[in-house]
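Please open the structure in your viewer and keep the selection panel at hand. The stops below say what to select next and what is there.

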Amino acid sequence: MSYENIVLEKREGIAFLRVDRPSALNALNAATITELEHAIDDVAKDEQVGALIWHGEGKAFIAGADIKELATLSPIEAKRLARRGQLLLGRLEGMGKPSVAAIGGFALGGGCEVALACTLRVAGDRARLGLPEVGLGLIPGYGGTQRLPRIVGTGRALELILTAEMVGAEEAHRIGLVNRIVDDAELLDAATALAKRIMANGPLAVEAAIESVHRGSDLALDDGLVLETCQFGVLAGTNDMREGTQAFIEKRKPDFKRS
Ligand code: CAA
């Protein structure tokens, strides 16, 4: 598939996914969603890729779903669109590889929801984040009402969603909405360094940790703890666990093979 609204590049085991519709501040129209579905599938299946960095062209990460398209939808069409976006972001979140949102500029509505579905978020110092949907007579539809409270807590999530106000990078960092702030000029380098730091660890362990945290947060504590012990036990049978522990004993760097 050739892409018109996104660019997917792979370098040193990292997939760089850039939304490239700067004239609309990278708003996600249906054509872009179709391309993103394909790209995420590609990244998920590619065994040479260990992490994904999602970023945007120009002065926005993503300014949300395409409002001009939204305005024409019937209720059923809007419901289907929301579900499509949710499934796309569910696939991103559950693809078994870490993803980092490199947020330069606006991450609003569906764009903020993309960032929430990434494993980690790095913001440029001029980033502006928010869920402004109630100002349009809507609510967040790509998972924002569910993921935001899990990340920042119910009170802060409700404040952001109900006021429809944007927050800057400092405030986003203060409330835990982003993991790190860096100078805008260093955004991609910082996201890449973070991805590489994660990729130096056992990839099966990283995958299991992401799954355990995400699945576990939907479970009662005891059930989450059982999930954790199961993952722990499975990992203990992997070559990577033997390599990791042996490398420690031999005082050398491990060479993980994802097996
Ligand atoms: N959809 C479609 N077009 C958009 C857009 C969006 N979400 N956001 C920006 N654009 C377009 C503008 O219409 C404008 O196009 P024209 O030049 O053709 O008029 C262009 O991008 C540049 O935007 P502005 O002139 O508005 O730029 P600005 O710097 O003055 O303002 C902004 C920037 C504050 C981000 C403003 O563009 C804005 O408020 N955008 C909408 C943000 C929003 O409400 N997002 C939520 C969408 S709904 C959603 O996402 C639902 C969901 O949960 C799935």
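Which side chain meets that of Asp-218 in a salt bridge? Select Asp-218 together with Arg-150, and you will find their side chains meeting in a salt bridge at 2.8 Å, N to O. Because Asp-218 lies in the loop between helix H9 (203-216) and helix H10 (221-236), while Arg-150 belongs to helix H5 (residues 144-152), the pair ties together parts that are 68 residues apart in sequence. Arg-150 counts as exposed, with a relative accessibility of 51%. As a general point, side chains of opposite charge can pair when their charged atoms come close.

Before the next stop, please bear in mind that this is a predicted model. Show the whole chain and step back: there are 11 helices and 10 strands in the chain, and the C-alpha atoms fill a box of roughly 60 × 40 × 35 Å when it is taken along the principal axes. A compact globule of 259 residues would have a radius of gyration near 18 Å, and the value for the chain, 19 Å, agrees with that. Of the 259 residues, 42% count as buried.

**The end of the chain**

Now select Arg-258 and Glu-207, whose side chains meet in a salt bridge of 2.9 Å, N to O. Arg-258 lies in the segment after helix H11 (239-249) and Glu-207 in helix H9, so this pair ties together parts that are 51 residues apart in sequence. Both partners count as partly exposed, Arg-258 at 36% relative accessibility and Glu-207 at 27%.

Stay in this part of the sequence and add Asp-255 and Lys-257, whose side chains also meet in a salt bridge, here at 3.0 Å, N to O. Asp-255 counts as partly exposed at 44% relative accessibility, whereas Lys-257 is exposed, with a relative accessible area of 57%.

Then select Ser-259, which lies in the segment after H11 and counts as partly exposed at 35% relative accessibility. If you add Pro-203 and draw a line from C-alpha to C-alpha, the two residues are 8.9 Å apart in space, although 56 residues separate them in sequence.

**A network of salt bridges**

Which residues are linked with Lys-10 in a network of salt bridges? Select Asp-42 and Asp-46 along with Lys-10 to see the three that make up this network. For the wider setting, a search of the whole structure finds 17 salt bridges.

**Two patches on the surface**

Switch to a surface view and select Asp-125, Glu-170, Asp-183, Glu-186 and Asp-189, which gather in a patch of negative charge. Where in the chain is Asp-183 placed? Asp-183 sits in the loop between strand E10 (180-182) and helix H8 (187-199), and it counts as partly exposed because its relative accessibility is 43%.

For the last stop, select Ile-67, Leu-136 and Leu-138, which form a nonpolar patch on the surface and together have about 260 Å² of accessible area. Ile-67 lies in helix H2 (residues 67-70), and its relative accessibility of 44% is why Ile-67 counts as partly exposed.

Notes. Residues numbered from 1 in each chain as written. Predicted model: local features only at pLDDT ≥ 70, side-chain atom pairs only at ≥ 80, totals over all residues. Heavy atoms only, no water. Patch = residues over 30% accessible without salt bridge, like charges linked within 9 Å, V, L, I, M, F, W, Y side chains within 5 Å. Areas by Shrake-Rupley, 256 points an atom, 1.4 Å probe, with all protein chains shown as cover. Salt bridge = Lys/Arg side-chain N within 4 Å of Asp/Glu carboxyl O. Lys, Arg positive; Asp, Glu negative; His and termini not counted. Charge placed at Lys NZ, Arg CZ, Asp CG, Glu CD. Helix = DSSP H or I, 4+ residues; strand = E, 2+ residues; numbered from the N terminus. Buried < 20%, exposed > 50% of the residue type's maximum accessible area, 1.4 Å probe, protein only. Rg over C-alpha atoms; globule rule 2.2 N^0.38 Å.
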